[in-house]
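Colleague: Got a minute to go through this model with me? I'd like to start with the odd backbone spots and then get to the packing.

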Amino acid sequence: MLEVALPGSTEQVVRGANILARFPGAIGEALVLIGAHYDGVGDDTDGTRFPGASDNATGVAVVLEVARILARVGRPDGLQLAFVFFDAEELGARGSRSLARMLARSAPVRPGCLVQVINVDTVARLRDAVWVEGGPGADPLLAALDRAGRALDIPLQLGPVASDNRAFAAAGFPAVGIATGGDRSHLPSDVPGVVEPEALLTAARLLLGALWMLTDQT
């Protein structure tokens, strides 16, 4: 649970909550957090709606589908998996910053830290390549994504993914963000009809493949 003070002539404090689910795993195994933010920019006071289908219902859909598949087929050996849906990303990534601080307090970050993060944000339109951003220490995650992309014939390119992955990177955790982009983010026209199903499928396949590739490196 987190509280956020909203700027304005009258200060408002709103409460938000991250949602976390964890697959059972053995103590000492690498823990991979797979996340996406579920908040949107909100509706205007004049009644204008901002549905947020691309940003970021798409990321939430991909993470839920990956969790559903893994619940059926089992997790990769040697990995603990947790699925997290962040609140308040649109308010300065407050939700992911809160969780990153909590994890850093409970298990001090050090070289070779076992907690790694993959964040999915805005996978609404399939372009020439999936964008990938890696923070410090994220080479194993980047290598796993690269190997999965090559195996699945999914082109990748380094590009900015300004989302919750940066909050974890700033806290010292190896973190990557993946995105394909979308044309309607933060607009009233960001409705489900603008989302390309192929973009969702591609992101889910890449994420699943990377988890198994990551197993080979742990």
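Colleague: Where is the place of Thr-122?

Modeller: A word on the ground rules: this is a predicted model, where local features need pLDDT of at least 70, side-chain atom pairs count only at pLDDT 80 or more, and totals for chains, interfaces and linings use all residues. Residues are numbered from 1 along each chain as its sequence is written, and side-chain values use heavy atoms, with hydrogens and water left out. Helices (H or I, at least four residues) and strands (E, at least two) are DSSP runs, numbered from the N terminus. On that numbering, Thr-122 sits in the loop between β6 and β7.

Colleague: Is Thr-122 buried or exposed?

Modeller: Buried means under 20% relative accessible area, exposed over 50%, and partly exposed in between (1.4 Å probe, protein chains only). Thr-122 has a positive phi near 60° without being glycine. Its relative accessible area is 11%, so Thr-122 is buried.

Colleague: And Asp-153, buried or exposed?

Modeller: Asp-153 also isn't a glycine, and has a positive phi of about 60°. Its place is the loop between α3 and β8 (156-158). Relative accessibility is 67%, so Asp-153 counts as exposed.

Colleague: What is omega for the peptide bond from Asp-55 to Asn-56?

Modeller: Asn-56 belongs to helix α1. The bond from Asp-55 to Asn-56 is cis, with omega near 15°.

Colleague: Which residues does Pro-188 touch, leaving out those up to four places away in sequence?

Modeller: Pro-188 is in the loop between β9 and α5, and at 41% relative accessibility it counts as partly exposed. Its C-alpha atom is separated by 4.4 Å from that of Phe-50, 138 residues apart along the chain. With contact meaning heavy atoms within 4.5 Å, Pro-188 touches Thr-48, Arg-49, Phe-50 and Pro-51.

Colleague: How do α1 and α5 lie to each other?

Modeller: Axes are lines fitted to C-alpha atoms, for helices over the stretch in contact, and angles run from 0 to 180 degrees between N-to-C directions. Helix α1 (residues 53-73) and helix α5 (residues 197-215) have axes 9 Å apart, at an angle of about 50°. Under 35 degrees counts as roughly parallel, over 145 as roughly antiparallel, 65 to 115 as roughly perpendicular and the rest as oblique. That is why α1 and α5 are oblique.

Colleague: How many nonpolar, polar and charged residues does the contact of α3 with α5 have?

Modeller: The axes of α3 and α5 come within 8 Å and cross at roughly 120°. Residues in this contact include Leu-141 and Arg-147 of α3, and Arg-205 and Met-213 of α5. Ala, Val, Leu, Ile, Met, Phe, Trp, Tyr, Cys and Pro count as nonpolar, Asp, Glu, Lys and Arg as charged, and the others, Gly among them, as polar. The split is 11 nonpolar, two polar and two charged.

Colleague: Which element gives the largest share of the largest nonpolar core?

Modeller: A nonpolar core is a set of buried Ala, Val, Leu, Ile, Met, Phe, Trp, Tyr and Cys residues joined through side-chain atoms within 4.5 Å. The largest has 38 residues, and Val-66, Leu-81 and Phe-83 have the most contacts inside it. Elements giving two or more residues to this core include α1, β5 (79-86) and α3 (139-152). The largest share, nine residues, comes from α5.
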